[in-house]
Every structure is written in C-alpha cells, then in structure tokens.
Amino acid sequence: MVPVNRDFSFGVTKLLRDPAIVKHLDLEGQIPEIYVTSSWIADDEVIHLEGVAESVHEGILVKANISTNWSGECVRCLSPASGDMKVSVIELFEERADPEGDSYPFDGDVVDLAEMIKDNLVLELPLVPLCKNDCRGLCQYCGQNLNIGTCDCKEKAIDPVWQALSELEFPENT
Ligand SMILES: [Zn+2]
Ligand SMILES: [Zn+2]
C-alpha cells in the first residue's frame with residue numbers, strides 16, 4: 001500500500017458509524033513533486049486545507065479549500081516567478097473505489113487526502129507563468145532583460161526581406 005501522508009490523513013471510524021457527524025478539517029503539510037513544465041510547488045512549501053468531511057451513502061465526501069504558493073520560471077524573461085493559489089474541491093472517497101472512476105480510495109478507517117490534493121493543484125498550476133502581468137521579456141536580438149533596461153536593437157534591426165527589396169527597387173541609391 002502507498003504510505004499514508006500523515007499531514008493529510010484523518011480517521012473516519014466515528015464518521016462512518018454516525019453519519020450525522022460533520023468533521024471539520026484544518027490540515028497543513030507538504031506534498032513533494034507537484035509540477036508542470038514551467039511551474040511547481042516547492043517540496044517545502046506549506047499546503048493548507050480547510051473544509052469538512054461527511055459520511056454519505058457511497059463513502060466520505062470532502063468539501064474543502066486548498067491554498068498554497070507556486071513557484072516557476074517566467075516564460076518571457078526567465079526570471080523566477082511566484083504567486084499564491086487557491087482551489088475549491090468536492091471529492092468523494094470510496095472504500096472500494098473503481099481505479100478508473102472519479103472517486104478516491106480509502107483503506108477502511110483512514111482517508112488520505114494527499115493524492116487528491118496533488119491532482120487538484122497540478123490542474124491549477126500556471127502553464128504560462130509570468131514574473132508580472134506586464135513583463136516585457138528579453139530582447140530577441142541581444143537578450144537584454146527589458147524589465148531592467150533598454151537596448152537599441154529595435155532601431156538597428158532591419159527586416160532582411162525589406163533589405164532585399166530596397167536593394168532591388170532602388171539600385172541607384174546604393
Ligand atoms: Zn518576466
Ligand atoms: Zn537588444
């Protein structure tokens with residue numbers, strides 16, 4: 001069996017015995033290896049989950065808000081980028097969950113939320129992270145970070161097509 005993430009697991013024996021109980025969840029901890037191409041959640045970043053768990057006919061229903069911070073690399077200027085993120089989830093945990101289904105499994109008296117949290121955070125990670133919304137990026141000619149300074153490449157750059165045309169049309173000028 002996959003080792004239980006202790007930060008994000010809780011006992012459900014009482015909950016299953018008495019469906020009238022609503023268990024309040026206020027959990028925090030770390031979950032490693034949450035990443036997409038250009039952004040990730042650092043392995044030591046604290047992930048916070050607050051919500052409720054209740055017993056339903058099929059198993060345990062968890063409704064929660066998950067919050068944490070992401071890190072990444074700005075796709076325009078390649079500088080470090082970061083931001084906060086918040087995801088609301090409603091997920092079902094079933095004792096004999098279908099591996100192909102939408103619900104998560106649990107082992108009888110403990111529900112481990114880590115896999116579910118990971119799945120939901122991966123979906124929310126920015127695919128095109130920016131250091132700031134109006135990042136000016138790098139100069140395509142000299143690589144100057146245009147957030148920090150300017151360069152005169154724009155004025156110097158001549159489109160090779162126009163250069164060729166001007167040579168054809170105005171040979172007398174050269
Ligand atoms: Zn940037
Ligand atoms: Zn430049």
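## Two zinc sites and a surface patch

V75, L127 and V128 make up a nonpolar patch on the surface, with about 300 Å² of accessible area together.

User: Where does V75 sit, and is V75 buried or partly exposed?

Analyst: V75 is in the loop between β6 and β7 (80-94). Its relative accessibility is 38%, so V75 counts as partly exposed.

User: Before I go on, how should I read the confidence here?

Analyst: This is a predicted model. The general idea: where pLDDT is low, the predicted coordinates should not be read in detail. In this case the mean pLDDT of the protein is 89, with 87% of the residues at 70 or more.

User: Which elements have the lowest and the highest mean pLDDT?

Analyst: Helix α4 (residues 160-169) has the lowest, at 62, while strand β6 (residues 60-73) has the highest, at 98.

User: OK, on to the metals. Which residues coordinate the zinc ion (ligand 1)?

Analyst: That would be C74, C77, C131 and C135, each through SG, at 2.3 Å. Along the sequence, their spacing reads C-x2-C-x53-C-x3-C.

User: What is the arrangement of the four donor atoms around ligand 1?

Analyst: As a yardstick, ideal angles for four tetrahedral donors are 109.5 degrees. Around the zinc ion (ligand 1) the donor atoms subtend angles of 106 to 115°, which makes the arrangement tetrahedral.

User: Are C131 and C135 buried or partly exposed?

Analyst: The cut-off you need is that buried means under 20% relative accessible area. C135, at 5%, therefore counts as buried, whereas C131, at 28%, counts as partly exposed.

User: What are the protein donors of the zinc ion (ligand 2)?

Analyst: Again you're looking at SG atoms: those of C139, C142, C151 and C153, lying 2.2 to 2.3 Å from the zinc ion (ligand 2). Their spacing along the chain is C-x2-C-x8-C-x1-C. The pair C142 and C153 ties together parts that are eleven residues apart in sequence, because C142 lies in the loop between α2 (114-124) and α3 (153-156) and C153 in helix α3.

User: Which angles do the donor atoms around ligand 2 subtend, and what arrangement does that make?

Analyst: Run the check on the angles once more: they span 103 to 114° around the zinc ion (ligand 2), so the arrangement is tetrahedral.

User: And how do C142 and C153 come out, buried or partly exposed?

Analyst: Relative accessible area settles that too. C142 has 46%, so C142 is partly exposed. C153 has 11% relative accessibility and counts as buried.

Note on methods: Residues are numbered from 1 along each chain as its sequence is written. Chains are lettered from A and ligands numbered from 1 in the order in which they are written. This is a predicted model: local features need pLDDT of at least 70, side-chain atom pairs count only at pLDDT 80 or more; totals for chains, interfaces and linings use all residues. Side-chain values use heavy atoms; hydrogens and water are left out. pLDDT is the predictor's confidence in each residue, from 0 to 100. Helices (H or I, at least four residues) and strands (E, at least two) are DSSP runs, numbered from the N terminus. Donors are N, O and S atoms within 2.8 Å of the metal (3.2 Å for Na, K and Ca); water is not among the atoms, so sites may look incomplete. Four donors count as tetrahedral if all angles lie between 85 and 135 degrees; four count as square planar and six as octahedral if opposite donors are over 155 degrees apart and all others between 65 and 115; anything else is irregular. Buried means under 20% relative accessible area, exposed over 50%, partly exposed in between (1.4 Å probe, protein chains only). Patches are made of residues with over 30% relative accessible area and no salt bridge: like charges are joined within 9 Å, nonpolar side chains (Val, Leu, Ile, Met, Phe, Trp, Tyr) within 5 Å. Accessible areas come from the Shrake-Rupley method with a 1.4 Å probe; for residues, only the protein chains shown count as cover. A salt bridge is a side-chain nitrogen of Lys or Arg within 4 Å of a carboxyl oxygen of Asp or Glu.
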